[in-house]
Amino acid sequence: MSNTTPVLQRTWQFNVNNVVTGSTTQPGGATDAPGFRRQLLIDIKEALKGFASNPWTVTLSNGYNAGAGAGDNIGTDIDELRWANSRSAQRSWFVMRNAVLGLEYCFDCYNSTNRDGAMADVFVAPVTDPFAGGSATARPTSASEQEILNGDNTGNFGSWGSGADNATSKAYILHVMHSSDGLATRVVVCLGGQAIGWWFFEQIEDEIGSHTYPWVFRVRAEALSDTADSMLYSSNCQGNRARGYDNGLGAINYYLATPCNDWQNTAIGNDTTLKNPYDGRFALPEVALASDSTGWIGMHGVMYDLWYGPGLGGAGHTGKVYPASSRDFIQFGNLVLPWDGSIPLVN
Amino acid sequence: MPLPTLVKTYEFDINNIVPGVGSGAQYDGTPERKQMLYEIVTAMINGGTFTVPWTVVGSSDSVNSSMDGTNRWLSSANVVWAQRNDTNPHSWIVLANAGLGIQLLINLETNAQVEGGAIGMWVSKTGFGVANGGTDGSITVQPTAVDQAEIRNEFDNNDGSWSGVTNGTARQFVWHIIASDDGEVWNVAIHHNNALVGCWRFEVPENYPANWSSPLVCFAFGHNSDSDVDTNGFLGMSNDGQIAAIDDVRRGSRAGQSNFGSLNNSQRTPVRPFTWGWGASFNMGHGQLTTVHPLTGNPMLFPIWWWTPADGMGDGRLGRANDLWLKQSTVGGSVGDTYPSNPATPQFIVIGSNLILPWDGATAPITS
């Protein structure tokens with residue numbers, strides 16, 4: 001556990017403090033996404049593509065009007081991004097690749113009826129068996145794909161982090177961070193001071209055992225809600241809130257474990273409202289990965305440059321920065337991430 | 001899970017058998033308890049075994065006493081418990097360790113006929129005796145220190161127990177001392193019938209917070225039972241009241257927690273052990289894993305961090321326990337088992353049902 005200001009294990013690239021707004025127009029009706037939600041997803045895609053070092057690339061996509069094929073056929077045009085309520089209906093999808101991590105994810109704009117584009121199907125696959133095919137009415141597939149988000153699941157594994165399933169206007173704050181070595185990508189979507197969307201694709205570090213696919217990832221929100229914080233202990237440590245991959249075991253769940261006292265049922269950070277009397281600092285416990293998935297039970301490694309922060313009475317503390325002068329770290333919910341030193345926008 | 005890499009180098013005095021004899025005088029200890037305590041203290045001050053041994057600051061053999069640096073515990077006959085009333089002669093001893101920067105008082109009074117089953121232990125940073133602002137004591141009264149912190153309460157059968165049930169039943173004990181060569185980590189383990197019935201630990205935590213001028217975490221566990229103290233959960237984290245630290249950031253007096261109901265020391269900082277946890281109520285972890293690691297095929301070992309709770313004398317982490325781990329409750333062997341599985345190279349020992357310590361790499365453990 002860090003006893004001093006944490007030392008970063010990676011160098012980070014930042015694309016943060018992006019205010020995202022848009023119209024409430026839903027070309028396809030209540031199943032389709034309003035303009036502000038389509039803008040958010042495009043901005044996430046463009047941010048991942050736009051990093052100077054080891055950016056993500058769009059390998060395949062279907063623009064609603066432009067059609068399906070190699071590359072990014074959606075671009076920055078929200079009219080190319082459309083949802084449908086049938087997996088055989090015309091809709092948009094795209095595949096993004098991280099060549100360094102060796103994985104792809106496919107974002108398929110499918111959700112059940114009248115979900116306003118707040119949900120989607122998302123799959124991951126290794127680049128050794130990439131997504132292929134696809135058309136205007138069918139997403140590409142991989143024999144090695146695993147589902148990590150389901151557009152029918154109105155619970156935790158359906159919402160992609162854009163808030164409640166309605167067309168009420170929302171003004172998001174989008175933060176995207178990507179390590180220079182390409183091994184870690186994080187997306188935080190804030191709305192009204194809450195981190196409602198929390199994505200990451202990262203390499204498992206300090207592995208315990210040898211993993212053929214040393215990944216941990218998440219593309220989901222705590223709930224279909226404009227106010228549910230997705231970066232609390234409850235959403236990361238106390239439920240099956242992240243995923244791993246093993247081609248053969250099916251879905252692997254990971255908890256983001258924290259040092260805690262199980263008799264007291266508390267995590268260190270969640271039990272902390274005061275600074276350490278000796279060094280004047282809040283505790284920042286590191287994050288480890290633990291699984292209870294059959295065939296995968298146990299601890300598997302850690303996540304670099306990610307810590308749990310003070311619970312401060314149980315509520316999140318989104319937007320708090322440490323130290324106050326240099327703003328090297330930021331807290332979203334209960335999680336602390338590296339920051340670029342700017343004054344954060346969360347509301 | 002790969003075997004851990006030690007952060008320190010250790011010296012060992014292990015597999016010391018003390019045969020059971022049985023009851024003697026009812027306030028004084030059984031012959032084996034007197035003999036064992038004599039042997040443990042003698043070993044702790046043995047510079048032939050340990051690079052940074054403890055030294056004697058003062059002692060009482062119930063006939064003579066002084067804080068003159070003389071060791072009066074020359075045999076088990078000099079290790080005398082007596083009924084508490086400040087007029088009955090009894091033994092005590094004050095030890096100091098330069099690596100830890102503390103003094104340790106062991107006092108042998110009791111208010112019940114427990115045949116040496118209870119022991120009093122205190123630690124002090126400032127030091128015991130008049131020379132350090134305390135008192136020198138006598139053959140009837142223990143010495144004191146201005147900052148003494150009680151870690152074993154000789155007047156309580158649970159909080160004072162150090163070697164099984166507090167009665168005179170004959171018990172064969174085996175004691176072990178595992179200490180780092182810099183003197184900063186000391187472990188004393190006492191087994192009876194393959195159970196860890198007593199466990200003492202004094203350490204300067206790894207990576208303790210800056211500005212903690214008296215870094216020390218210590219405990220002296222026992223339970224009025226011949227079963228493993230670890231199954232009573234002291235480091236299975238169901239007990240937060242019996243681990244102490246020296247707190248040089250005064251927070252004033254505080255109410256003792258239930259486990260210290262009879263103790264009253266405003267300078268003791270209750271300390272909790274923490275390890276990795278997850279799941280609902282953070283109650284999943286080493287205690288719930290029932291299989292070996294799926295990729296390594298080995299049992300999983302969990303590190304321990306020390307922590308003071310917000311409602312205590314401090315708030316925050318105190319560092320990490322050096323070379324001490326929790327194993328899975330139902331996986332990874334029983335008391336006395338060693339890792340790796342090759343018996344010719346026992347680098348680590350299951351010292352208690354859930355606890356792992358370094359071992360000497362060569363000797364088959366004796367725990368009964």
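Begin with chain B and its contacts: among those with a separation of 6 or more, 65% join residues 24 or more positions apart. The model under view is a predicted one. Colour chain B by secondary structure, and one helix and 20 strands appear. Of its 368 residues, 61% are buried. Switch on the surface of chain B next: about 11,600 Å² is exposed, and carbon and sulfur atoms supply 47% of that area.

Move now to chain A and select residues 286-291, which form strand β15. Five of these six residues are buried, so the strand is largely enclosed by the rest of the structure. Extend the selection to residues 298-308 of chain A, strand β16; this strand runs antiparallel to β15(A), and six bridges join the two. One point to centre on is A:Ala290, whose bridge partner in β16(A) is A:Met299. Between the two strands of this hairpin lie six residues. Pick A:Gly295 in the hairpin, where phi is positive, near 85°.

The next stop is helix α1 of chain A, residues 35-50, which contains A:Lys45. Is A:Lys45 buried or exposed? With a relative accessible area of 1%, A:Lys45 is buried. Display its surroundings: beyond residues up to four places away in sequence, A:Lys45 touches A:Val58, A:Asp72, A:Ile74, A:Gly75, A:Phe94 and A:Met96.

Turn then to the largest nonpolar core, which has 75 residues. Select A:Val188, A:Leu256, A:Phe332, A:Leu337, B:Trp278 and B:Trp306, the members that touch the most others in this core. Zoom in on A:Val188; leaving aside neighbours within four places in sequence, its contacts include A:Ile173, A:Leu174, A:Met231, A:Phe332 and A:Leu337. Apart from the largest core lies another, of 44 residues, including A:Leu40, A:Ile42, A:Leu183 and A:Tyr213.

Finish with the cysteines. How many disulfides does a search of the whole structure find? Over all chains, the search finds zero. Select A:Cys109, which is in no disulfide; the nearest cysteine sulfur belongs to A:Cys106 and is 9.3 Å away. A:Cys109 is buried, at a relative accessible area of 0%. In chain B, select B:Cys218 together with B:Cys199. Why do the sulfurs of B:Cys218 and B:Cys199 form no bond? The sulfur of B:Cys199 is the closest cysteine sulfur to that of B:Cys218, yet the two are 12 Å apart, too far for a bond. B:Cys218 also counts as buried, with 0% relative accessibility.

Conventions: Residues numbered from 1 in each chain as written. Chains lettered and ligands numbered in written order. Predicted model: local features only at pLDDT ≥ 70, side-chain atom pairs only at ≥ 80, totals over all residues. Heavy atoms only, no water. Buried < 20%, exposed > 50% of the residue type's maximum accessible area, 1.4 Å probe, protein only. Helix = DSSP H or I, 4+ residues; strand = E, 2+ residues; numbered from the N terminus. Pairing = 2+ DSSP bridges. Contact = heavy atoms within 4.5 Å. Core = buried A, V, L, I, M, F, W, Y, C linked by side-chain atoms within 4.5 Å. Disulfide = S-S within 2.5 Å. Areas by Shrake-Rupley, 256 points an atom, 1.4 Å probe, with all protein chains shown as cover.
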